[in-house]
Amino acid sequence: MRICFYGYLDAVELFCFSMPPKKGKSSKGGKLNKAQKAKQQQEEEERRLQEEEEARLQAEKEERERLERERKEKEQERLELKDQERREDELNELRHLLEENHTAVTTWKTDAVEKAKWERYMHCDGIPDPAVQQDLNTYISLWRDDPEVNITLVLKQCHLTLQLMEELEALLRDVTDPQECYKYQEGLINLQELIHSKHLLTTEEILKMASMNIDTETGNMQTVVKDVNITLCLWANLKKNPRFRDLNFEEAGLGFELPKQLAVSHIAVRLLHTHYDHLSLLARMAHPRMHTPSLRSLAGGEEVPADIDVPEQGETKRTGEVKEDIETQQQRVDEEVQSIQGFEGRKSAASLQSSRNGAQPAEGRVSQIQTQMEALSGKMPSPTLPDTPKRQPHHTGSVGDLTETPIVQPTMMDRSECIQVVDLMQYTPLGGVFYCDVFHLPPQAHQVNGWEIRQLLDEGLQVFPYPMEKSNLDDNEALTCPPVGVSVTLPDSVVFLEAPQVARWDAAVKQWRMDSITDLSYEEEEAKISFKMDFFQPFVLMQETYANLPFLSWELRPLDQDAALFTVNGALIDLSITIQGNQCMLQLEQERGLSHLIGKWMSGPILQRAMLNAGINIFVNEYTDKYVITCGKDPLTEHAAYEQMALFASACAFTWSKWNAKCGAEHLVTQACEHHGPVPVPKDSWSLYLLGAQRSQKLEITENSEEFSPDYYPGSEFHSTFIHMLQDNMSTDGIARTRESNYRFVDTVQSLLCATRPLMYS
């Protein structure tokens with residue numbers, strides 16, 4: 001048993017040790033690692049070679065770029081040197097062209113003024129020269145003493161007086177001497193007073209005959225008198241029907257709604273729409289630091305500053321004497337202003353004093369332009385207000401919400417109350433003034449045995465006080481006086497780009513105000529606005545002055561020799577102005593009205609004033625950048641660009657570029673090309689130009705490039721002026737056309753560009 005056991009173990013052991021060894025994984029794994037290492041080494045070698053190749057290529061690229069950069073730098077140095085060599089000649093040529101045109105324009109304008117004076121002298125129509133104070137005073141005295149009250153004859157005389165006032169306003173815009181300024185202001189105020197008094201006299205005369213012109217249907221008197229300058233609507237309450245609510249003068253587009261207290265009173269209501277605006281003129285004269293922006297005319301004249309210089313010592317008068325004279329004249333002006341507004345409402349002594357204090361002349365010219373808010377904040381502490389929001393570029397524009405509070409500026413008066421007045425730099429009155437008045441009905445005539453008996457009153461037409469002060473039953477209980485309703489159909493002579501705002505006249509402070517206007521409703525389809533106000537006061541429809549800014553795009557292209565088309569795509573309206581010589585014609589897609597303006601040839605300055613009065617404002621002044629976002633360009637570089645564009649407007653087209661806002665304040669970018677004929681400019685004809693104070697160049701980028709680059713166009717050169725830059729790509733015929741441009745055409749184009757400043761506001 002033992003032997004067998006050991007034998008079995010030995011056999012087992014022998015079997016175990018006699019078996020050949022198996023091939024382990026370690027042996028196979030060793031062979032795989034070597035292959036991987038070889039592969040890795042191969043990959044690393046390939047990567048190294050690739051990196052070396054990439055480095056070599058990168059080095060070659062950098063070397064090429066360095067060589068190209070050096071080549072461009074050398075080429076740019078060559079071009080700059082070449083530009084410097086001919087700089088003086090180019091500047092002299094440009095200066096000669098500009099001076100030649102300026103001299104011709106100055107001579108032409110001087111001759112035109114002299115011719116107009118001679119024609120006035122030879123006409124001998126009895127109309128005085130408004131610049132001659134003695135003649136003007138004689139005219140005023142004779143008309144004031146004229147007893148004529150026939151409305152037809154009076155309105156005819158008013159028409160002549162309004163022409164005199166327009167001439168006085170033109171003189172006032174150009175005046176530089178303070179004494180002359182207040183002389184013209186005094187003449188304007190006297191003429192305004194006279195016109196208003198004549199309107200009252202003719203109104204009284206019509207109301208005296210109210211009982212002879214009774215409407216059979218209502219039992220009251222109602223009449224409408226229309227003239228080229230006014231629309232007069234009168235209603236006499238003869239029936240005193242308590243159920244009477246409202247009345248619409250359909251032919252005049254005016255209506256009113258009376259509360260019950262007035263429906264049973266012996267009153268007459270007058271709605272007088274003057275197609276001119278003398279009240280805003282009063283506001284600007286009373287507050288010149290707040291309301292007198294200098295409008296640059298299309299004639300290219302000098303700007304009239306908001307503040308007028310006072311002569312320094314050693315001039316015509318000493319400073320103290322001049323200041324004393326001005327204060328005396330201003331006091332008289334304010335007193336006459338109050339006499340004009342006597343029928344518009346009651347005035348307090350405090351308001352009179354505050355208006356005098358607010359109308360003192362400025363000593364010297366301020367270097368910094370002030371908005372109304374800045375002018376007021378320098379005089380008294382005012383409540384903290386947010387900054388005036390500026391219109392953003394590419395404003396799509398829509399009819400504004402009437403519930404939105406308009407931007408007005410606060411001022412503090414001597415009455416120790418804070419009132420809000422309209423900023424006439426930001427808002428523009430349009431369509432004239434609507435006078436809403438209620439009067440005591442004059443005594444009516446009675447027929448007795450063929451005789452007409454009428455009670456005569458010495459005080460004339462009397463204002464009916466509304467709202468009434470207190471109840472006769474209880475002195476502590478105030479009467480309930482509901483507001484008065486008014487409805488107005490928008491005049492056809494103006495365009496409201498947005499829903500109009502309504503402002504009422506505060507005669508005490510000589511300002512427009514937007515408070516106490518309630519239940520404002522605007523029907524855009526019917527072009528009708530209705531509202532209620534607490535008082536019988538003059539009111540006006542207003543629009544934001546810069547509603548059409550900034551421009552979305554613009555283009556100036558030639559139509560023929562001395563003819564061009566200036567197109568503006570504004571924020572809310574698109575228009576075009578055709579220029580032929582020194583005449584301009586407005587084209588506008590407008591469904592209603594403006595027949596007096598659209599398609600009519602007129603001079604540049606007249607067109608500008610007509611467009612502003614019609615609510616089509618594409619013009620800017622020194623206050624515009626306080627309300628509208630601009631490109632912030634250097635004004636001298638910008639003005640030089642407009643001068644040169646005008647010189648080549650007969651042969652070259654110019655348009656806006658999106659890169660103008662990306663190139664910095666010291667440069668301008670515009671698209672330009674040579675173009676002949678009235679057809680539109682092909683899109684592939686435009687080239688980009690970079691304009692600076694020292695140099696102009698053609699750009700390599702296009703309007704469709706991804707980013708802005710100031711690199712110059714290959715093969716182009718540098719020039720010290722824009723016109724010489726343009727000449728490099730123009731034909732001989734095109735250059736000849738520019739040299740044949742008439743000075744009046746060049747001046748009109750230049751003035752139009754300077755007045756709109758498309759490179760700044762687009």
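## A buried loop residue

Buried here means a relative accessible area under 20%, and V509, at 1% relative accessibility, therefore counts as buried. This holds for a residue outside the helices and strands, since V509 is placed in the loop between β12 (501–506) and β13 (511–513). The C-alpha atom of V509 lies 8.5 Å from that of A283, although 226 residues separate the two along the chain. The model from which these values are computed is a predicted one.

## The chain as a whole

The chain has 762 residues, of which buried residues make up 44%, and its secondary structure consists of 16 helices and 25 strands. Its accessible surface comes to about 40000 Å², and carbon and sulfur atoms account for 50% of that area.

When contacts with a separation of 6 or more are considered, 69% of them in this chain are between residues 24 or more positions apart.

## Helix α3 and its two partners

Helix α3 (residues 133–144) and α5 have axes that come within 11 Å of each other and cross at roughly 15 degrees. Because an angle under 35 degrees counts as roughly parallel, α3 is described as roughly parallel to α5, and the crossing of the two is left-handed. On the α3 side the contact is made by Q133, L136, Y139, I140, W143 and R144, and on the α5 side by K183, E186, G187, N190, L191, L194, I195 and K198.

With helix α4 (residues 151–174) the arrangement of α3 is given by axes that come within 13 Å and cross at roughly 160 degrees. Since an angle over 145 degrees counts as roughly antiparallel, α3 is roughly antiparallel to α4, and α3 passes α4 in a left-handed crossing. The residues that make this contact are L136, Y139 and W143 of α3, together with V154, Q157, C158, L160, T161, L164 and L168 of α4.

## T202 in helix α5

T202 belongs to helix α5, which spans residues 178–208, and with a relative accessible area of 3% this residue is buried. The side chain of T202 reaches the backbone oxygen of H199 at 2.9 Å. When neighbours within four places in sequence are left aside, T202 is in contact with V149, I151 and V154; V154 is also one of the α4 residues that make the contact with α3.

## L588 at the end of strand β20

L588 is placed in strand β20, which covers residues 583–588, and its relative accessibility of 9% means that it counts as buried. Apart from neighbours within four places in sequence, L588 is in contact with I573, D574, L575, L594, I598 and I616. For one of these partners, I598, which is 10 residues away along the chain, the C-alpha separation from L588 is 6.6 Å.

## Prolines and cis peptide bonds

The loop between β10 (451–453) and β11 (484–489) contains P482, and P467 lies in the loop between β10 and β11 as well. The C-alpha atoms of P482 and P467 are 8.2 Å apart, with these positions 15 residues apart along the chain. P482 is partly exposed, with a relative accessible area of 33%, and it touches P259, Q261 and Y466 when residues up to four places away in sequence are not counted. Y466 is itself joined to P467 by a cis peptide bond, for which omega is about 5 degrees.

Another cis peptide bond runs from L549 to P550, with omega near -5 degrees. P550 is found in the loop between β16 (539–544) and β17 (553–560).

## Positive phi values in loops

S516 has a phi near 60 degrees, a positive value in a residue other than glycine, and this residue lies in the loop between β13 and β14 (517–523). At 23% relative accessibility, S516 counts as partly exposed.

D562 likewise has a phi near 60 degrees, which is positive although the residue is not glycine, and its place is in the loop between β17 and β18 (563–569). The relative accessibility of D562 is 15%, so this residue counts as buried.

Conventions
Residues numbered from 1 in each chain as written. Predicted model: local features only at pLDDT ≥ 70, side-chain atom pairs only at ≥ 80, totals over all residues. Heavy atoms only, no water. Helix = DSSP H or I, 4+ residues; strand = E, 2+ residues; numbered from the N terminus. Buried < 20%, exposed > 50% of the residue type's maximum accessible area, 1.4 Å probe, protein only. Contact = heavy atoms within 4.5 Å. Polar contact = N/O pair within 3.5 Å; in protein donor to acceptor, adjacent residues only side chain to side chain. Areas by Shrake-Rupley, 256 points an atom, 1.4 Å probe, with all protein chains shown as cover. Axes fitted to C-alpha atoms, helices over the stretch in contact; angles between N-to-C directions. Parallel < 35°, antiparallel > 145°, perpendicular 65-115°, else oblique. Left-handed = near helix turned anticlockwise from the far one by under 90°.
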